[in-house]
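Dear colleague,

I am passing on to you the structure below, together with a short account of what was found in it. Please read the notes with the model open beside them.

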Amino acid sequence: MAMSEMFTQLGSVAVGIMFLWAMFQQYFPYELRPHIQKYSQKLDRWRRSEVYVAIQDYLSFDSSSRARRLKADIIKDSQSVALSMDDHEEVTDEFQGVKLWWASSKNFPKRFDHVIKEGKAIAVKKRQRKLYTNNPSQNWYESKRSMWSHVPFEHQATFETLAMESKKKEEIVTDLTIFRTRKQYYSKIGKAWKRGFLLHDPPGTGKSSMIATMANLLNYDIYDVELTSVKNNTELWKLLIKMTSKSIIVIEDIDCSLDLIGQRKKKKEEEKEESKDDPLLMKGKENESKESKVTLSGLLNFIDELWSACGEERLKVFTTNHVEKLDPALIRRGRMDKHIELSYCCFEAFKVLAKNYLDIDSHNLFPSIERLLGETNMTPADVAEDLMPKSITDDPETACLEDLIQVIETAKEEARVKAKKEAKEKEEEEERLKKEKEAKEKEEVEEKEKTEEKVKENGVVPVVKENGVVS
């Protein structure tokens, strides 16, 4: 009797489900059905484990060309539509000479470490990369997004379009490529998987473009840290632990961000002494200290092994226009492992810019430009600005190159006049110092002669005191 009752109840439930399904198909608005299916798919996707998603990413390339039926989903933070196998589809694969068959079903597939690894790598490549910047701490909440704001990173710079000597570009590309493949090596030697770069020299030489190029080569996100918005070392640490792996941590113009140059303690004591008699100056210093109290020690911890162990596969990039102002402890090897000097525009860099902006590899004006660039300091930014067509002409290449030649000749003349003026000022300063020295020597001679005459007249030996005064 119990069994009959159970079958009766099961039959009733089945009939009820069929009735509800029939009512749904007949009376539920057709326009709302895609929304129901959308959320049911999201629920199903949410229930899948990380391993399942990794395998799905691994198979996405093969399935898109071999499977007969595909599913297309728009995934958050993905650059394109994600194609995957539909349920009950099958594709073939090969691993170490063994042929495998993958079938999509509701049952969870067997775990393969290589599949998981490759699947995660594919997911990283497909993601939408981002450019982050830190928010002021007063806007922070207990969530990641409140500490960092971000926008899609869509910079198009590559090493092929970067205005720089080819030898130096090859050196940097090799360094970055080796770093990206050294996970096991860093683990073996017991160091955090990170590397520091210091980009220095004049403004306009391409430091920001270099950072974007490095990010594009490695497929990394960028975290642009604004130190003046960070109140203390603790907040800096909180920002660090919220950063993801496969990223570049950037601090631009490090020499201007905070007081991080040498002799910090002595300098602060001198400023305090100077501001004692000036209440307004003292108040200004107090307000400044309230804004940011990040210390050199805190920044060093930020880039050192201990804090950097919070994540892996990271680059740290500092930029400066005055490397001589930085504290040696900040830029030593092990913190800033590679120093890259970005110099003025040479002829080889100019040819890259000419190809980028004018799409030309040669021109009869190139020899003149090569000669002028060898005699004048011009930044790549200045050269690029003059290579942009500013009017509609029949021959924009020649017009731009002629404008560039005129600009370089003007800069050359200005540099000549400036150098002449500086040489004249230097000569005048040397002449002034020479006259002061001669006058002082003459005064000493006259004083000595007077002393000798006094000795002869009075027969008194003068007494020379410690301060040099003769009595």
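I begin with the lining of the largest cavity, which consists of Ala163, Met164, Glu165, Lys168, Thr205, Glu341, Leu342, Ser343, Tyr344, Ala349 and Pro380. Please bear in mind throughout that this is a predicted model. Sorted by class, the residues around this cavity comprise 6 nonpolar, 2 polar and 3 charged ones. The space inside the largest cavity is about 70 Å³. In total, 2 cavities of 30 Å³ or more were counted. As general background, empty space left between atoms is revealed by rolling over them a probe the size of a water molecule.

For orientation, the chain as a whole may be described as follows. It contains 471 residues, of which 33% are buried, and its secondary structure consists of 19 helices and 11 strands. When contacts between residues at least 6 apart in sequence are considered, 69% of them link residues at least 24 apart. The accessible surface of the chain amounts to about 31000 Å², and carbon and sulfur atoms contribute 53% of that area.

The cysteines call for a separate remark. How many disulfides does the model contain? The count is 0. For Cys345, the closest cysteine sulfur is that of Cys346, and the two sulfurs are too far apart for a bond because they lie 6.1 Å from each other, whereas a disulfide requires sulfur atoms within 2.5 Å. Cys346 likewise takes part in no disulfide, its nearest cysteine sulfur being that of Cys345. As to their surroundings, Cys345 is buried, at 3% relative accessibility, while Cys346 is partly exposed, at 23%.

Two backbone positions also deserve your attention. In general, most residues other than glycine have a negative phi. Asp253, which is not a glycine, nevertheless has a positive phi of about 50°. This residue sits in the loop that runs between strand S9 (247-251) and helix H10 (254-257). With a relative accessibility of 33%, Asp253 is classed as partly exposed.

The second position is Glu313, again a residue other than glycine with a positive phi of about 50°. Glu313 belongs to the loop between helix H14 (305-308) and strand S10 (314-320). Is Glu313 buried or exposed? Its relative accessible area is 5%, so Glu313 counts as buried, the limit for that class being under 20%.

With kind regards

Note on methods. Residues are numbered from 1 along each chain as its sequence is written. This is a predicted model: local features need pLDDT of at least 70, side-chain atom pairs count only at pLDDT 80 or more; totals for chains, interfaces and linings use all residues. Side-chain values use heavy atoms; hydrogens and water are left out. On a 1 Å grid over the protein atoms alone, a cavity is a set of points where a 1.4 Å probe fits but cannot get out, and a pocket is an open set with protein on both sides within 12 Å along at least five of seven lines; lining residues have an atom within 4 Å of a point. Grid points are joined across faces, edges and corners, and a volume is the space filled by probe spheres set on the points. Ala, Val, Leu, Ile, Met, Phe, Trp, Tyr, Cys and Pro count as nonpolar, Asp, Glu, Lys and Arg as charged, and the others, Gly among them, as polar. Buried means under 20% relative accessible area, exposed over 50%, partly exposed in between (1.4 Å probe, protein chains only). Helices (H or I, at least four residues) and strands (E, at least two) are DSSP runs, numbered from the N terminus. Contact means heavy atoms within 4.5 Å. Accessible areas come from the Shrake-Rupley method with a 1.4 Å probe; for residues, only the protein chains shown count as cover.
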